[in-house]
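Q: I'd like to go through this model before setting anything up. Can we take it piece by piece?
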Amino acid sequence: HQFKQKELLALLPNIITPSKRRTTRTTIMLSACASSITRASARTLSQHRLQASAAVSSHFAATTSKRTVTSKVGDRTAEHAWNKSCYSGMDYTISEDATVFEMVEKLAAYDVGCLVTKDEKGNLSGVVSERDYVTKVALLGDSSEDIPVKKISTKAANLVMARPYDTVDACMDKMLSRDIRHLPLIDDMGQVVGIISIKDLIKECLDEKEHTLNQLASFAVGEGGHFVM
């Protein structure tokens, strides 16, 4: 009661301010501590995430490196093409003494473009094709009934041939390098065992590509594939 109201009011800032200052310092310290803890927690969490990501990436890489697409048709041969060829279900030979007219009739009947010619002993003597007829008979105006096949056929000595175990790629190279469309197949004894056309080889190539694409598609969605342990 010794103080007047004015004097009391003047003292209030001195009484309250230290308390406010202490409170402010405490708040700042707590805030700094919380920020430090938050930053430390964030760094720790980030490190854990990086470690986990690295572990997952390492595991995925190790797994992926062991997963490969395998193909059972990577070594397709002339025999594969022959087994699917229209020639495999027909008599693809003709006597070299037959007339060109008979040859044309057989080509038309079986809807093929080439025949293997044989001599009187039944041995391979050459091949004759529709191209031979067009360039060596039709364009010259000769009668196909009067010309023997052996007069227009390609002789055995000049033939490009393949083995049943030759790859499709090797057969394709032979055809393209010599600009031919048919390959007689002979065994190790030199006996003719079949004939394939460029169309047969193209079908094999397309089948192989389709098979590979199907495997890759299955591999991409997690199906199929082969894991090497």
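Q: Which residues is M175 in contact with, leaving aside its neighbours within four places in sequence?
A: M175 is in contact with I180, R181, H182, L183, I196, S197, I198 and L201. Contact means heavy atoms within 4.5 Å. One caution: this is a predicted model, where local features need pLDDT of at least 70, side-chain atom pairs count only at pLDDT 80 or more, and totals for chains, interfaces and linings use all residues. Residues are numbered from 1 along each chain as its sequence is written, and side-chain values use heavy atoms, with hydrogens and water left out.

Q: Is M175 buried or exposed?
A: Buried, with a relative accessible area of 1%. The cut-offs are under 20% relative accessible area for buried and over 50% for exposed, with partly exposed in between (1.4 Å probe, protein chains only).

Q: Which helix does M175 lie in?
A: Helix α5, residues 168–178. Helices (H or I, at least four residues) and strands (E, at least two) are DSSP runs, numbered from the N terminus.

Q: And how far apart are M175 and M161?
A: They are 9.5 Å apart in space, C-alpha to C-alpha. In sequence, 14 residues separate M175 from M161.

Q: Zooming out, how many helices and strands does the protein have?
A: Six helices and eight strands. From the N terminus on, the order is α-β-α-β-α-β-β-α-β-α-β-β-α-β.

Q: What share of the protein counts as buried?
A: 26% of the 229 residues.

Q: What about contacts with a separation of 6 or more?
A: Residues 24 or more positions apart account for 58% of those contacts.

Q: Switching to α3. Which residues are buried there?
A: V100, M103, K106 and L107. Seen down the helix axis, the buried residues fall within an arc of 120 degrees, so they line one face of α3. That arc is taken over the directions from the helix axis to the C-beta atoms.

Q: What covers them?
A: The cover includes β2 (93–95), β3 (114–118), β4 and α4. On the face of α3 turned away from the buried side sit the exposed residues A108 and A109.

Q: A lysine in that list? What is the relative accessibility of K106?
A: 17%, so K106 counts as buried. K106 is found in α3, which spans residues 100–110. Not counting residues up to four places away in sequence, K106 touches D91, T93 and L115.

Q: What follows α3?
A: D111, whose phi is positive, near 55 degrees.

Q: You mentioned β3. Why is β3 largely enclosed by the rest of the structure?
A: Four of its five residues are buried, so β3 is largely enclosed.

Q: How do β2 and β3 run?
A: Parallel, joined by three bridges. Two strands pair if DSSP finds at least two bridges between them. T93 stands opposite V116 in β3.

Q: Now pockets. What volume does the largest pocket have?
A: About 320 Å³. Of the 15 residues that line the largest pocket, the closest to its centre are V127, S129, T154, I180 and R181. On a 1 Å grid over the protein atoms alone, a pocket is an open set of points with protein on both sides within 12 Å along at least five of seven lines; a cavity is a set where a 1.4 Å probe fits but cannot get out; lining residues have an atom within 4 Å of a point. Grid points are joined across faces, edges and corners, and a volume is the space filled by probe spheres set on the points.

Q: Which elements each supply at least two residues of that lining?
A: β4 (124–129), α4 (130–138) and β6 (182–186).

Q: And the second largest pocket, how much space lies there?
A: About 180 Å³. Its lining is C86, Y87, D111, V112, G113, E130, R181, H182, S197, I198 and K199. D111, the residue that follows α3, is one of the residues in this lining.

Q: How many cavities of 30 Å³ or more does the structure hold?
A: One. The largest cavity has a volume of about 30 Å³.

Q: Which residues line it?
A: The largest cavity is lined by A81, K84, S85, D200, K203 and E204. The largest share of that lining, three residues, comes from α6.
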